[in-house]
Amino acid sequence: MRLLSVRLIISLILGITLISLGFSYYKVVQDKRALRSDLERNAETLGESVAGNVEKSWESGPRGLQRIVQPFGNREHMLGVAVYDPQGKVLAITSELGKVLTSTPREVTQAMAEGHEKSSYFRLGDEPVHIFALPLSRQDQLVGGLAVVHDVGYIHAQSLRAWRQTFLAVLAQVFLIVLITLVIVRLSIAGPIARAAQWMRALRLGRISSRQQIPDLDLFRPLAREVVTMAESLSQARIAAENEARLRDASESRWTADRLAVQVQTRLDGGLLFVVSNREPYTHWRNGKSIEVVVPPSGLVTALEPVLDACDGTWIAHGNGDADAEVVDAHDRLRVPPQDPRYTLRRVWLSKEEEEGYYYGFANEGLWPLCHIAHTRPIFRSQDWEQYQEVNSKFTAALLQEIENVPKPVVLVQDYHFALLPRMIKKLRPDARVAIFWHIPWPNPEAFGICPWQRELVKGLLGADLIGFHIQSHCNNFLQTVDRVVESRVDWEHFSVTRQNHRTIVRPFPISVSLTDDESAESDNSPVNYLDRSALLHGLGGEATFMGVGVDRVDYTKGILERFLAIERFLEKYPQYQNKFTFVQIGAPSRTHIKRYHDLLAEVEAEAERINWRFQSGKWKPILFLKRQHTHEEIERYYRAADLCLVTSLHDGMNLVAKEFLAARSDERGVLILSQFTGAARELRDALLVNPYDIDQTADAIRAALEMEPEEKQMRVHRMRRTIKEHNIYRWAGNLVTELCELRLDVADQKQEKSRGSVATA
Ligand code: F6P
């Protein structure tokens, strides 16, 4: 830049000087010429007038003539006047001229000889002079000659002065022009270029992101657009390269949305992904004239949304929002998420009877308590079973429609609502790869055996190529059930079942949340929790020094009543925490159409009230029960503000609340108290594990959590977050899809066998 400035300055100086000098030279020459012609004109006028006088007074002789010419010796710029006779002898001459003009000027002689005026410049000694000579005559007779001589030194002096002034003007001009040019260059060129360079440098060093606004580049605005685009491409390439390097470093153990997308696309090999679940990821509800979008409180939705986000595909689900039908197209489809559409949601409509029998009845009054064994008696009604079969057929029909022209579709069926679906699909589309993931526990064969339709359910499930559970013990329970219930070959070594030439493999896939190895989250150590806590509790009309949180659908499997009893016991046993510890229970009402759930909601409320009545004083209350569905953002604020999170499920397939709480704690604070009867307890060994039926143990765990040293809390959260990052939802989906896509399909096997047979016969 400096070199550029020096060059620019030199060129400017030279250029401007040369041009200015050229113009000045021209002007000085012009001025000089004008002065000379003025002088010549004056000399001529003067000469003619003096000549007239001299001619008239010729008779007066040299004395008289001297008197006539003498006054002209004092005129400005005038050297003098001289009168000569025809032989060139001086008759009269002004005194000053007489001193320097010693001989008759050639011009006078010529003028007399030629009979007309002569004018010329010459040097008289050192002085430049102008002479105007003319013949003098009387009655047409030449009588002599006249010379009018001017000193032209003043013209030289004036030219010199003009040169000097021009030189100074040029100097000032050069200085000003260079200065102005440099200022313009600095402001409009060098400044923006320097700002752009600074921005690009910060980008290169990773201090800012390419999304950060580029500074105003003034004249270079069109260039700025190109620079931004290029910076974005570079930064994306760098992120990809960093991710790749990190993945390599972590021995391929880190999973991200990007990696999942690539993995799934590779595995699908041109095929498409289809998910079937009862619960839809987005529901639309009428609110006066407008329509509201609500994300239902479901672990399944939390887990599957990032998968669909990453891979596109189609999610088929029951449309249960009262405005759901208003927002779909003619094929009952819409693109979601509403604010950033990335995949297709296909809605299936159910009648009241179907919903009643299939969802509330068979799935949630039968299978749910059957699989959870949480002391609520399963109810099996034959009409519910009818509806369950009907609805499974209905969803099969919807799926078959969606995959009609799709070669090699990959189908992920979700949960206990669709045990019959895998078999129904495979019957009509044996080329489809079908997996079912069972999100709830699978009990031992004795417990499962009380279901009157256990055989049909197991056969339905065995239609799948792959069956997934959260943990190994659920896989074992399932294989034992298969062993008892249907004719088949169970291979315990490979965890597979072969029935009627169809092989199903059974594997654990611990579901998770979308936490990744994101450095920016890692470095977020701000103590937001303490500030947020008082704001949150204050907003709820309470106050406390310590805060615990629980987040659940209000479901009898979640152990909410046991949790409240543990809080009561804790305050009883450790009264120093009265007035200091408040527990916020977020409880989303769920399946309230079922009496057991409806009653439970009332019981939970009554229990919170009873305990509050017993302990509350002033503004302080031990339990704040927030009976409504909260958004993810709202829940996250509670997670981040809490000293501890209580998960006390009596039995749970996985429990994602435990993992969501840890995912929210990028500050590495807070303690997780976790029921040993959750699938999550197998992975999160640094939680305080409790038996939720043991009220005293849970009460003691609350105290231990509140009194735990900050270093220990940090170490535990850090380790558990690392586990979740390594086993996040992307790994869950990636492994599930990979396992499913790597299986040898029976159809392919059969075709191969057939072709082998035909080759043999040939
Ligand atoms: O735990 C099983 C499950 O299906 C979850 O996947 C989901 O979070 C929960 O039940 C929701 O239940 P529902 O869809 O009946 O409200």
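Here is a short conversation about a sheet and a ligand site in this predicted model.

Visitor: In what order do the six strands of the open sheet stand?

Guide: Happy to start there! The pairing in this open sheet is parallel. Strand E20 (623-626) and strand E23 (688-690) stand at the edges, each with a single partner strand, so one side of each is left without a neighbour in the sheet. Neighbouring strands are turned by 20° against each other on average, direction ignored. The order is E20-E19-E18-E21-E22-E23.

Visitor: Which residue in E19 is the bridge partner of Gly548?

Guide: Let's look at the two strands involved. Strand E18 covers residues 546-553 and strand E19 residues 581-588, and they pair in the parallel sense over eight bridges. In E19, the bridge partner of Gly548 is Phe583.

Visitor: What angle does the direction of helix H17 make with that of E19?

Guide: Helix H17 spans residues 560-573 and packs on the sheet. The strands touched by H17 are E18, E19, E20 and E21 (644-647). With the direction of E19, that of H17 makes about 175°.

Visitor: How much of the ligand does the protein bury?

Guide: Good one! An oxygen atom of the ligand is 2.4 Å from an N or O atom in the side chain of Tyr359, and a polar side-chain atom of Arg591 lies 2.8 Å from a ligand oxygen. Taken alone, the ligand exposes 390 Å². Of that area, the protein buries 91%.

Visitor: How many charged residues does the shell around the ligand have?

Guide: Among the residues around the ligand are Arg279, Asp415, Arg553 and Arg591. The shell also has five nonpolar and three polar residues. Its charged residues number four.

Key
Residues numbered from 1 in each chain as written. Predicted model: local features only at pLDDT ≥ 70, side-chain atom pairs only at ≥ 80, totals over all residues. Heavy atoms only, no water. Pairing = 2+ DSSP bridges. Helix = DSSP H or I, 4+ residues; strand = E, 2+ residues; numbered from the N terminus. Axes fitted to C-alpha atoms, helices over the stretch in contact; angles between N-to-C directions. Contact = heavy atoms within 4.5 Å. Near = heavy atom within 4 Å. Polar contact = N/O pair within 3.5 Å; in protein donor to acceptor, adjacent residues only side chain to side chain. Areas by Shrake-Rupley, 256 points an atom, 1.4 Å probe, with all protein chains shown as cover. Nonpolar A, V, L, I, M, F, W, Y, C, P; charged D, E, K, R; others polar.
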